[in-house]
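Here is a short report for a reader meeting this structure for the first time. Please look over the sequence and the model before reading on.

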Amino acid sequence: MVATPHFKSFERQTEQLRAIAHPVRLAILNLLHRQAPLTVTNIHEALSIEQATASHHLKILRQAGILRPRRDGRYAYYELTSDAMGEILELLENS
């Protein structure tokens with residue numbers, strides 16, 4: 001495939017789709033869509049996963065630009081970067 005400027009514009013969206021293409025990450029996004037902002041502790045307890053697992057998946061989502069952390073003292077609160085991701089989640093749920 002030739003990397004034309006037209007296709008190059010989709011690289012960021014492709015990376016974001018890859019990042020959400022995991023059941024744990026989808027669960028995290030769904031949780032944040034409904035209850036944000038949350039800490040890693042809130043997330044790992046709500047989903048009954050290890051804290052290290054939650055941190056790993058949060059890092060992937062953050063690097064893809066889907067989540068943003070907000071520091072408050074020693075805690076980082078995570079939330080979605082845009083309402084568009086919430087809309088995507090709702091579309092996935094209703095499909």
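**Overall layout**

This is a predicted model. The protein has six helices and two strands. Along the sequence, these elements follow the pattern α-α-α-α-α-β-β-α. The C-alpha trace spans about 45 × 30 × 20 Å along its principal axes. Of the 95 residues, 29% count as buried. Among contacts with a separation of 6 or more, 54% come from residues 24 or more positions apart.

**Helices α3 and α6**

Helix α3 covers residues 23-35, and helix α6 covers residues 83-93. The two pack at an angle of about 115°, and their axes are 10 Å apart. The crossing of α3 past α6 is left-handed. On the α3 side, the contact is made by Leu26, Leu29, Asn30, His33 and Arg34. On the α6 side, it is made by Met85, Gly86, Leu89, Glu90, Leu92 and Glu93. By character, the residues of this contact divide into five nonpolar, three polar and three charged.

**Two helices with a buried face**

The buried residues of α6 are Met85, Gly86 and Leu89. They fall within an arc of 100° seen down the axis of α6, so they line one face of the helix. These buried residues pack against α2 (11-20), α3 and β2 (75-80). The face of α6 turned away from the buried side carries Asp83, Glu87 and Leu91, which are exposed.

Helix α4 (40-47) can be read in a similar way. Its buried residues include Val40, Ile43 and His44. Seen down the axis of α4, the buried residues fall within an arc of 90°, so they line one face of the helix. Elements covering them include α3, α5 and β2.

**Loops beside α4**

Each loop here has a backbone feature to look for. Pro37 lies in the loop between α3 and α4. A cis peptide bond joins Ala36 and Pro37, with omega about 0°. Ser48 follows α4 and is found in the loop between α4 and α5. Ser48 is not a glycine, although its phi is positive, about 55°.

**Four residues by accessibility**

Is Ser48 buried or exposed? The table answers this, and adds three other residues.

| Residue | Relative accessible area | State |
|---|---|---|
| Leu67 | 3% | buried |
| His57 | 6% | buried |
| Arg68 | 38% | partly exposed |
| Ser48 | 66% | exposed |

Why does Leu67 count as buried? Its relative accessible area is 3%, and buried means under 20%. Arg68 is partly exposed because its 38% falls between the cut-offs of 20% and 50%.

**Leu67 and Arg68 in strand β1**

Strand β1 covers residues 67-72 and holds Arg68. Leu67 lies in β1 too. What does Leu67 touch beyond its neighbours within four places in sequence? Its contacts are Leu29, Leu32, Leu58, Leu61, Arg62, Tyr78, Glu79, Leu80 and Thr81. Leu67 and Tyr77 are 10 residues apart in sequence, and their C-alpha atoms are 9.9 Å apart.

Arg68 touches Tyr77, Tyr78, Glu79, Leu80 and Thr81, not counting residues up to four places away in sequence. The side chain of Arg68 reaches the backbone oxygen of Thr81 at 3.2 Å. Glu87 is 19 residues from Arg68 along the chain. The C-alpha atoms of Arg68 and Glu87 are separated by 17 Å.

**His57 in helix α5**

His57 is found in helix α5, which covers residues 51-63. His57 counts as buried, at 6% relative accessibility. Which residues does His57 contact, leaving aside its neighbours within four places in sequence? They are His22, Val24, Arg25 and Ile28. With Arg25, the link is also polar: a polar contact of 3.0 Å joins the side chains of His57 and Arg25.

**In brief**

Helix α3 packs with α6, and is among the elements that cover the buried residues of α4. Strand β2 is among the elements packed against the buried residues of α6, and is also among those covering the buried residues of α4.

Methods: Residues numbered from 1 in each chain as written. Predicted model: local features only at pLDDT ≥ 70, side-chain atom pairs only at ≥ 80, totals over all residues. Heavy atoms only, no water. Axes fitted to C-alpha atoms, helices over the stretch in contact; angles between N-to-C directions. Helix = DSSP H or I, 4+ residues; strand = E, 2+ residues; numbered from the N terminus. Left-handed = near helix turned anticlockwise from the far one by under 90°. Contact = heavy atoms within 4.5 Å. Nonpolar A, V, L, I, M, F, W, Y, C, P; charged D, E, K, R; others polar. Buried < 20%, exposed > 50% of the residue type's maximum accessible area, 1.4 Å probe, protein only. Polar contact = N/O pair within 3.5 Å; in protein donor to acceptor, adjacent residues only side chain to side chain. Arc of directions from axis to C-beta.
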